[in-house]
Amino acid sequence: MRLCRWLLFWVVAASVVGGVCEGQITGGLQPADYQRMRAVVQAEFSADAKFVAYTVLRYDRPGRPWPQLWVMEVASSKSTRVCGENDAASSPVWSPDGRWIAYYGAAEGKQGLAIVHPDGSGATFLSEAQGTNAPLPGQGAEMTWSPDSKQIAFISATAGPETADATGDPMVITRYLYKPDAGEGLTRFNDNRRVHIFVVDVASKAVRQVTTGNNYEHSIDWSPRGDEIVFASDRSPETDQFFNYDLFVLKVSDGSSRRVTATENAEYDPKWSPDGKMIAFRATKRGLTDRETTMEDTHVWVMNADGSNRRELSGIDNRQGAPVWAPDGRSLYFTVQERGSVHLYRQPVDANAPAALDGERRVMRSASGPAAEIVVSRLGTVGGFSVAKSGTIAYTFTSPRDMGQLYIRSGASAKQVTNLNVEVLGGKQIAETEPFTFISNDNKYEVEAFLVKPLGMTPDSRHPLIVNMHGGPHGQNGPAFTFRDQVFAARGWATLHVNYRGSTGYGQAFADGVFGDQDGNEAQDVLYGVSAALRRYLWLDRERMGIEGVSYGGQLTMWLITQTRMFRAAIPIAGIANLISYNYMTYYNQYEQMEFGQLPHQDDLMNIMWERSALKHIAAVATPTMLMHGENDNDVPIAEAEQYFVSLKDVGVETVFVRYPREGHGIREAGHVVDSLNRSIAWYEKHFPKAPPENPSPAVP
């Protein structure tokens, strides 16, 4: 499993070092450009595939990014905005008859569940839809149409038995899981509201609640026969301590339900097959899956509607996304994380079905499963997608050169149909990203890294290097466009991303490589990646290197500057300094248990965790450090940064602590993102030497 309201007014003087002018390179991106960018994040075909509804994320308001809803006529590529120019709207779902789009947003002067015609007319408010800030990871669909297009099932929250006490004066806390996750940064404590399933009649707007109790029901899908709704819920008696979604089927007429899975692991994102005979879903196999980030890769599964004949669909050894049925019910589409990219796959449900190949598609075949084919294999990240009856696919894609845009793929050809950042990126240089691999320190793994090259290179120029580590630790970096990297590149700086052991996209064994070894060999992977980059790219300036990261990347930043002095400056963002204190303050209690195999108080784990905490080794730090953290971070509480800040002060290390109000885990408000970039640039420039030394540092970890 990550900037103030107005731009910081810095004037950074340009200085020439090693033939490169430090400062903004002509034609490169600047921090302020961030607020002009747009990203397409959702795409949904109408039933006849004549239209695509898509959501555009904008960054041009004070506060967090906000969504707008658009509809494109496929034949003409003409788009129409739904709702007003300044109205937020998202999560489009087409009615089966194609007459309406359901969405969450503004209509008739109210906010909630609404419907609108594809041409933007007839916007109608149907119902309020209350949420909860309770930690509910991996939630799937929040609304679903009945097959006859007359009703919509949706998720909304009602007060739980602890809500009044936990929001009173004084606040009385009784739940183990008393901190929130959803809307993180905007609230501090779990509102204890429970999400349930509601059904609204489109014609009359009459709303009825069809599930009740103290459980959470979500991830809903209406059966093709119209009589049942499948959903996910955790019905175990200790839901705050253990995380275990199972799948249930609700009878719409009377609200009764039947359980269709009963496993130790978690199931997510259930979807009925078009004939209603099967259910596809994501799932894990292990008994302990963390509420925040799972070490185990999720895979796509299928089963009969009654829960029988459950089987994993594919032998692909990588993390898989939510499944989407092909309209003919013969195959499933899903994303797969692979070596820094996210690809789109198609998998036949029948093990004996042949794979149809065209264009860039290629087959991945396992020893025991049916053939799987890669439908979109370009370097970058496939996001939301939708499949038409003809096999045409609408999908969002973040390429190496732009934020997410809308693409339509028909047969072997794919066409980009939105270009929302043409005014921002037009005439701008975009830095190239180059992958390379190296062998880990213990000779166990081939590790991949991605180097974002600087702009303004000349045959004799030398360039600073910023090492940026992803969070999770079970995540990945790759070639997809990253605004921060491009801003650094425009200043003549390279950025290095190392997909250290524990990263996803390299198989389960690699993801497991960090088990019981936090701040261990995965940290060595980062240092070996730096060493490999310095040896291969001789234009990198080893005397001007910075290190940074968010979440687990922030933790590694804190740790590595206790182990080496090769970095001139460090910027840990939302990092963990003390594994012990963190375990008892974070909202999700199973993380350390999953990562180490037992609870901290068992055996000698407490001592091991302290030994692997950066705080224990603080006396070794000499690197100037600027800490950044959200005031309301419940993922990694800000007390982690507070401890590290005070300890650095005690040691006498130059340090600055930047606290962002209203932020949770990571930095989201557009103004804060810009502020963070400006501060980071100034921090690195302050501490990078202005002239090359007589005796350069060696390129070893």
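Which residues are linked with Arg225 in a network of salt bridges? I looked this up before anything else: the partners are Asp227, Glu228 and Arg258. A reminder to myself is that this is a predicted model.

**Entry: salt bridges**

I found 34 salt bridges in the structure. I picked out a pair that spans a long stretch of sequence, Lys428 with Asp33, and their closest N and O atoms are 3.0 Å apart. Lys428 sits in the loop between helix H2 and strand E32, and Asp33 in the loop between strands E2 and E3, so this pair ties together parts that are 395 residues apart in sequence. I then checked how covered each partner is. Lys428 is partly exposed at 23% relative accessible area, while Asp33 is buried at 8%.

Next I went to Glu434 and Lys453, where the closest N and O atoms are 2.7 Å apart. Glu434 belongs to strand E32 and Lys453 to the loop between strands E33 and E34, so the bridge ties together parts 19 residues apart in sequence. Glu434 counts as partly exposed, with 28% relative accessibility. Lys453 is also partly exposed, at 21%.

My last pair was Arg679 and Asp675, whose side chains meet in a salt bridge at 2.7 Å, N to O. I noted that both lie in helix H11, four residues apart, which is about one turn of the helix. Is Asp675 buried or exposed? I have Asp675 as buried, at 1% relative accessibility. Arg679, on the other hand, is partly exposed at 25%.

**Entry: strands E29, E30 and E31**

I followed the chain through three strands here. E29 (residues 393–398) pairs with E30 in the antiparallel sense, over five bridges. One bridge I traced runs from Phe397 to its partner Gln405 in E30. The two strands make a hairpin with six residues between them.

E30 then pairs with E31 (residues 413–416), antiparallel again, through four bridges. Ser410 has Ser413 of E31 as its bridge partner. This second hairpin has two residues between the strands, and there Gly411 takes a positive phi near 65°. Why is E30 largely enclosed by the rest of the structure? Five of its six residues (405–410) are buried, so that is how I wrote it down.

**Entry: a four-strand sheet**

I looked up an open sheet of four strands and got the order E19-E20-E21-E22, with antiparallel pairing. E19 and E22 stand at the edges with a single partner strand each, so one side of each has no neighbour in the sheet. Inside the order, I counted six bridges joining E20 (residues 278–283) to E21 (residues 299–304). In one of them, Arg282 is matched with Val300 of E21.

**Entry: nonpolar cores**

Nonpolar side chains tend to be buried together in soluble globular proteins. With that in mind, I asked which residues touch the most other members in the largest nonpolar core of 61 residues. They are Phe436, Val467, Leu496 and Tyr644. Helix H5 (residues 521–536) gives this core its largest share, seven residues.

I went further with Leu496. Leaving out residues up to four places away in sequence, its contacts include Phe436, Phe450, Leu465, Val467, Val530 and Ala533.

There is a second, separate core of 32 residues, and Tyr59, Ala574, Met626 and Val674 are among them.

**Entry: odd backbone spots**

Ala574 came up again here: its phi is positive, about 55°, although it is not a glycine. I placed Ala574 in the loop between strand E37 and helix H7. Ala574 is buried, with a relative accessible area of 1%.

Ser149 is another non-glycine with a positive phi, about 65°. Ser149 lies in the loop between strands E11 and E12, and it is buried at 8%.

I also wrote down two cis peptide bonds. One joins Gly472 and Pro473, with omega about 5°, and Pro473 is in the loop between strand E34 and helix H3. Another joins Asp169 and Pro170, with omega about 10°, and Pro170 is in the loop between helix H1 and strand E13.

**Entry: a surface patch**

Phe189 lies in that loop between H1 and E13 as well. Together with Met171, Ile173 and Tyr178, Phe189 makes a nonpolar surface patch of about 320 Å². I have Phe189 as partly exposed, at 32% relative accessible area.

Terms used:
Residues numbered from 1 in each chain as written. Predicted model: local features only at pLDDT ≥ 70, side-chain atom pairs only at ≥ 80, totals over all residues. Heavy atoms only, no water. Buried < 20%, exposed > 50% of the residue type's maximum accessible area, 1.4 Å probe, protein only. Pairing = 2+ DSSP bridges. Patch = residues over 30% accessible without salt bridge, like charges linked within 9 Å, V, L, I, M, F, W, Y side chains within 5 Å. Areas by Shrake-Rupley, 256 points an atom, 1.4 Å probe, with all protein chains shown as cover. Salt bridge = Lys/Arg side-chain N within 4 Å of Asp/Glu carboxyl O. Core = buried A, V, L, I, M, F, W, Y, C linked by side-chain atoms within 4.5 Å. Contact = heavy atoms within 4.5 Å.
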